[in-house]
Amino acid sequence: YIIPPAPYTFRGDFSFIEASPTHLLYFNGPTAILRSYTKTHPTLAITHKSTITAVKFSPDYRRVATIDDKGTLMVHMIIDNK
């Protein structure tokens with residue numbers, strides 16, 4: 001397995017981690033990682049061409065939105081094969 005990076009944090013800054021009932025969503029540089037609470041490998045890894053600045057779940061937790069510092073917005077559907 002590929003081990004994804006830890007969340008990108010700075011001392012004194014907010015930590016940008018999103019949580020749903022089944023997944024944890026965070027980013028580090030140009031990569032966003034969606035991790036299941038029950039699996040050891042990431043469910044989804046999203047890569048932008050520049051640094052990601054925000055990640056967010058949709059209200060129903062079925063989609064993930066990411067945006068980078070150049071303004072590129074990506075929306076991904078979460079399909080979790082059990």
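A nonpolar core, as used here, is a set of buried Ala, Val, Leu, Ile, Met, Phe, Trp, Tyr and Cys residues joined through side-chain atoms within 4.5 Å. Buried means under 20% relative accessible area, exposed means over 50%, and partly exposed is in between (1.4 Å probe, protein chains only).

Before you start clicking: this is a predicted model, where local features need pLDDT of at least 70, side-chain atom pairs count only at pLDDT 80 or more, and totals for chains, interfaces and linings use all residues. Residues are numbered from 1 along each chain as its sequence is written, and side-chain values use heavy atoms, with hydrogens and water left out.

**Stop 1: the core**

Select Leu25, Phe27, Ala32, Leu34, Ile46, Ile52, Val55, Phe57, Val64 and Ile78 and show their side chains. These ten residues are the largest nonpolar core. Strands S2 (23–28), S3 (31–36) and S5 (52–57) each give two or more residues to this core, and S5 gives the most, with three. As for the labels, helices (H or I, at least four residues) and strands (E, at least two) are DSSP runs, numbered from the N terminus. In soluble globular proteins, nonpolar side chains tend to be buried together.

Now centre on Ala32. Which residues is Ala32 in contact with, leaving aside its neighbours within four places in sequence? Look for Tyr26, Phe27, Leu44, Ala45, Ile46, Ile52, Val55 and Thr66, where contact means heavy atoms within 4.5 Å.

**Stop 2: a glycine in a loop**

Go to Gly29, in the loop between S2 and S3. With a relative accessible area of 13%, Gly29 is buried. Add Lys49 to the selection: the two C-alpha atoms are 9.7 Å apart, with their positions 20 residues apart in sequence.

**Stop 3: the three-stranded sheet**

Switch to cartoon and pick out S5, S6 and S7. They form an open sheet in the order S5-S6-S7, with antiparallel pairing; strands pair if DSSP finds at least two bridges between them. S5 and S7 (73–77) are the edge strands, each pairing on one side only. From one strand to the next the twist averages 15°, using axes that are lines fitted to C-alpha atoms (for helices over the stretch in contact) and angles that run from 0 to 180 degrees between N-to-C directions.

Walk across the sheet. S5 and S6 run antiparallel and are joined by five bridges; Ala54 has Ile67 in S6 as its bridge partner. On the other side, five bridges also join S6 (residues 63–68) to S7, again antiparallel. To see one position in that pairing, select Arg63, which stands opposite Met77 in S7.

**Stop 4: the hairpin turn and its ring pair**

S5 and S6 form a hairpin with five residues between them. Zoom in on Tyr61, in the loop between these two strands. What is its phi? Tyr61 has a positive phi of about 65°, although it is not a glycine. At 39% relative accessibility, Tyr61 is partly exposed.

Next, add Phe57. A search of the whole structure finds one aromatic pair. It consists of Phe57 and Tyr61, with ring centres 5.7 Å apart and planes at 70°, so the pair is edge-to-face. The cut-offs: rings of Phe, Tyr and Trp (its six-membered ring) pair if their centres lie within 6.5 Å, and planes under 30 degrees apart count as stacked, over 60 as edge-to-face and the rest as tilted. Phe57 is buried, at 7% relative accessible area.

**Stop 5: the charged pairs**

How many salt bridges does a search of the whole structure find? It finds two, each being a side-chain nitrogen of Lys or Arg within 4 Å of a carboxyl oxygen of Asp or Glu.

For one of them, show Lys56 and Glu18, whose side chains meet at 3.6 Å, N to O. Lys56 lies in S5 and Glu18 in S1 (residues 17–19), so the pair ties together parts that are 38 residues apart in sequence. Lys56 is partly exposed, at 47%.

Then select Asp60 and Arg63, which form a salt bridge at 3.6 Å, N to O. Asp60 is partly exposed at 39% relative accessibility, and Arg63 is partly exposed at 34%.

**Last stop: beyond S7**

Finish at Ile79, in the segment after S7. Is Ile79 buried or exposed? At 63% relative accessibility, Ile79 counts as exposed. Turn on Arg62 as well: its C-alpha atom is 7.8 Å from that of Ile79, and the two residues are 17 apart along the chain.
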